[in-house]
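Colleague: I should like to go through this model with you and ask how several of its descriptions are justified. May we begin with a single residue and then turn to the empty spaces?

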Amino acid sequence: MKSVILPQPGGPSSIPLFAQLSPTGLVLWGIWFGLGLCQPASATDFDREIRPLLQERCLECHGEKKQKGGLRLDARVFAFKGGHDGPAIIPGKPDRSPLHQRVTSGEDDERMPPKGDPLTASQIAAIRSWIESGAVWPENAADKAAAVDKRLQHWSVQPVPKSVAPDAAIDSFVTDKLKASGLALSPEADARTLIRRLSFDLTGLPPTPEETAAFTGESYEALVDELLASPRYGERWARHWLDIAHYADTHGFERDKLRPDAWRYRDYVIESLNTDKPYDQFLREQIAGDVIAPNDPESVIATGFLAAGPWDFVGQVETKSAMLNRAARALDLDDMATQTLTATMAMTVNCARCHDHKLDPITQEEYYRLWAVFAGVKRGERDADPREARRIAADKERLTKELTQTRAQISQLAGEGLDLADMIGGGDGRGTGVKNRGIHLRTGNLTTEQLGYHRDIPSNKKAPVPSIDSILSVFIPDGPAPVPPTSGHFWDIVRNGPLNAQRTTKIGDTDYAANGHSILGMHANSGITFDLANIRKTSGFTQMRLTGVVGFGAAAPAAASLADFTVFVDADLKLQKLKLRKDESLALDLEIRAQAKTLTLIATDGGDGISSDLLFIGDARLSADVDQTSLTNTDQARLKQLRTHSTKLEAQLKPLPEAPKVFAVVSEEKPAVIQVQSRGNPEDPQQEVTPGAFAWAKHAPHDFGDNHTPEGQRRLALAHWITHPDNPLTARVIVNRLWHHHFGQGLVTTPSDFGLGGDKPSHSELLDFLARELMTHGWSLKHVHKLIVMSAAYRQESNSSASPGTSQASLLDSANRLLWRQNPRRLDAESLHDAVLSVSGKLNPEMGGPGYRDFNYTEAYAPIYDYITPDKPELWRRSIYRFIVRTTPHTFMTTLDCPDPANFTPARAQTTTALQALTLSNNEFMLQQACHLVTRIESETDTREAAIHRAFALCFQRSPTIEELAASTRLVSEQTLFALCRMLINANEFVYID
């Protein structure tokens, strides 16, 4: 048989191959080609020339360990996938292939490789020839190995075993590991140490001296059950969950506005934990509770989880810049996606915002698919109980509509009256004023200019209005009572027409910008005083009535913000409505006596700033009272009947409650289409994505529909995907979090990173055992708690210096990953705060409701939160109920490592600083509570020695030693009992749990 010599691409032979072969050779060629035993020339060239060239000059920056631009050239599967800028190799088209373009570039910052000499002409020619001939890349063993994603072999993404050994228990897993290292468990701690440990771990409070005295080893399990059943358990463990949710009661960012109704989500967490709600249900409700049970208040409130983090009010609501709005929305979606996946599955998804995740099997496209899940979700105030809210709203709408119609009839019978908005426009009240003209609060001059923010006009300084006889002055109000204190800031002018930036002119079904109606616009904070004497002179009216409807022209997202409206006739307060929401209205019908000289209307900011306080009065009119008109007897009787009916309607309206609100998710009917953002830049959108999750997770479908799928169904699909019993991460993550808070570190020491960048479990089988126990016991967190605290591993001593083998254990396992002892832990800021109140006898046990505000609030563009010493019972509640401010953290709490609520905090930092010692010694709160502790002890004892014993019992749950008693006696004799109490609540024994 003749040997077959194949022509090289671009070689001299132009004779077709088949023409060069004998019939036998032609048959053999067909067999070889069909079996793949013969590769084209370019394949041979690749292995001989291209692969070695790539290995020598490219893999330093584009190999397995480093991928600049997201490009790998060490294996076929990656090379043809390309990098961040798309494919680098386009078969048959070298001039369009970035690989060829970069190696031939004459620009130093473009040429590849960047280091060393440029490729030679022959090397470049070889690359060009290879691409031109189809870029054939024969797959070898290295290519096949690279195609296997080793990340999918990571421990955390393997299924949780369906069963465990019948005799499996926490202690068996721990002792097996210890034996393998020649170690053993430490002895069990004494009864006092155990009750302190249990009490602080499960409730965050110290045990009382009486509880400590009654506790024995035999009553250990009963104590565990009692503490798990205590309502204080939910208060304690809610704090851990809220750290993960980065919950706070203000928005954060530059405006840091109040969230007065966020607390309902905090109470939901406490109640859910206290009732031992199944953990999978707990998660589903927080992600999609409003979809699962839209009329169940608890389920709706649960979605406060998605809204718990920081929110840029300026970027989301106030800015007129579309670019800033897109940037703010990008941060919003990143926060929701990151919080959900980090809290539930400990995946650092936000690392894939700009490029594929560098460590974990998460692509950039998958990250943006999570955005698509939340694309129709906004944060804002919403009804906590939709059904009840609809009932209240229907009652209010019905009564308000009837009242408005009744007052319109009254106004018609009493005469058309004078339009106050027209007067503000420079008219006589009968339509002669200029529309959209108004009065500047600084000068009192008329203007039609659209003005903005004023913060430097002196408060309560009345500016005369010389050009309008019927108006005396305008001013910015700021007290005194009964006028509320204000920020002294203002927006626009008092205007005959809609205010600058007013979003709507409707109140109820009536558009007051339509013909036949009028708008008197007065943004908070503003006041205007009308001259009634002059109005009487020009109108002939004597006794009058003020009628109209007060409402707001704000956008729907600002519905929860507040404003006040006040009316004075002379110095008499005729009407005041405080804390009006932007979705409320107020009908006016006030009698004005014949002798009255002035009428003053005041709009104030409701204590939460002037943002969106676009208050206006529809059809504000002064009309002659019926007694001053010549009505027929029939009309007078009809007017009297209408007035009686109006009073009755007002009485029915007044007691109607406000529908409860919560700061949670607000669902949009049509979610925006999400696009991948190149390098995470909102201004560089790429391909569209549909809602979904990670393709590597095979436990459930990861596609959640398309871009027409309703918003709520997307979140519901994600909730089911996360809580699916075959999800390998969800159960592992939460049991590790419980372990972390019982031992000071988790079996995995990175509780919110179970990826390749996180830690490996010290006891992987134990972790799986706990995860399976959770799922097979109805996802009960209390069941897992009890398993942990009942174990011998948990009950060990933390200081075993006297035990045999301690020095060896310290050398072998200084970090105590093998759990040969318990870990001593310092109380976190909240537990220390609550413990001080508990021992002083001042702890207020009131549960739930709005958070206590241990600060003075001053409204400003950036609100001022000025902290005060908590010196009254309403400020002595547990710290879980503290109103948490983002941009102005509490100094005392922050010094003690209370985390920044702008961040996710799966594990508290623990620092030791001189400032902490000074704070505990000298902070006014600590000094006051030391005084209260003295008062308590003196009321409970009658001798110095008894007082010292009681002080030790309250603070340390033990009696003083002989030496301590002697030293304490000297201290009390020389410096009073206060010095001893102050010292005890500063001692390490008080601050640490063993």
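Modeller: Certainly; please bear in mind that this is a predicted model. Leaving aside its neighbours within four places in sequence, Arg51 is in contact with Phe46, Trp137, Pro138, Asn140 and Asp143. Arg51 itself lies in helix α3, residues 41-57.

Colleague: Why is Arg51 called buried?

Modeller: Buried means under 20% relative accessible area. Arg51 has a relative accessibility of 10%, and therefore Arg51 counts as buried.

Colleague: What makes the pairing of the side chains of Arg51 and Asp47 a polar contact?

Modeller: The two side chains are 3.1 Å apart in this contact, and the cut-off for such a pair of N or O atoms is 3.5 Å. The value lies within the cut-off, so the term applies.

Colleague: Which residue class or classes make up the lining of the second largest pocket?

Modeller: That pocket has a volume of about 1400 Å³. Of its 45 lining residues, the closest to the centre are Arg72, Phe78, Lys81, Arg151 and Asp356. By class, the lining has 16 nonpolar, 13 polar and 16 charged residues. Helix α8 (141-147) is one of the elements that supply at least two lining residues, and the largest share, 4 residues, comes from α8.

Colleague: How do you know that the length of helix α29 agrees with its number of residues?

Modeller: Helix α29 covers residues 829-840, which is 12 residues. The expected span is 1.5 Å times one less than the number of residues, so α29 should span 16 Å. Its end C-alpha atoms are 17 Å apart, and therefore the two values agree.

Colleague: Why is α29 described as mostly covered?

Modeller: The description rests on a count: 11 of the 12 residues of α29 are buried, each having under 20% relative accessible area. Among them are Glu830, His833 and Asp834, as well as Leu832, Val836 and Leu837. Just after α29, Gly841 takes a positive phi of about 85°.

Colleague: What makes an empty space a cavity and not a pocket?

Modeller: In a cavity, a 1.4 Å probe fits but cannot get out, whereas a pocket is open. The structure holds 8 cavities of 30 Å³ or more. The largest cavity has a volume of about 220 Å³. Of the 19 residues that line the largest cavity, His251, Lys257, Leu258, Ala560 and Ser561 are the closest to its centre. Its lining divides into 10 nonpolar, 5 polar and 4 charged residues.

Colleague: Which element gives the most to the lining of the second largest cavity?

Modeller: Helix α13 does, with 5 residues. This second largest cavity has a volume of about 140 Å³. Of its 14 lining residues, the closest to the centre are Trp237, His240, Trp241, Ile734 and Leu738. The lining comprises 10 nonpolar, 3 polar and 1 charged residues.

Colleague: Lastly, is Gly527 buried or exposed, and how do you know?

Modeller: Gly527 has a relative accessible area of 0%. This value is under the 20% cut-off, so Gly527 is buried. Gly527 is placed in strand β13, residues 526-531. Leaving aside its neighbours within four places in sequence, Gly527 is in contact with Ser473, Val474, Phe475, Pro477, Met522, Leu601 and Ile602. Gly527 and Val567 are 40 residues apart in sequence and 9.7 Å apart in space, C-alpha to C-alpha.

Key. Residues numbered from 1 in each chain as written. Predicted model: local features only at pLDDT ≥ 70, side-chain atom pairs only at ≥ 80, totals over all residues. Heavy atoms only, no water. Buried < 20%, exposed > 50% of the residue type's maximum accessible area, 1.4 Å probe, protein only. Polar contact = N/O pair within 3.5 Å; in protein donor to acceptor, adjacent residues only side chain to side chain. Contact = heavy atoms within 4.5 Å. 1 Å grid on protein atoms, 1.4 Å probe; cavity = no way out; pocket = protein on both sides within 12 Å on 5 of 7 lines; lining within 4 Å. Points joined across faces, edges and corners; volume = space filled by probe spheres on them. Nonpolar A, V, L, I, M, F, W, Y, C, P; charged D, E, K, R; others polar.
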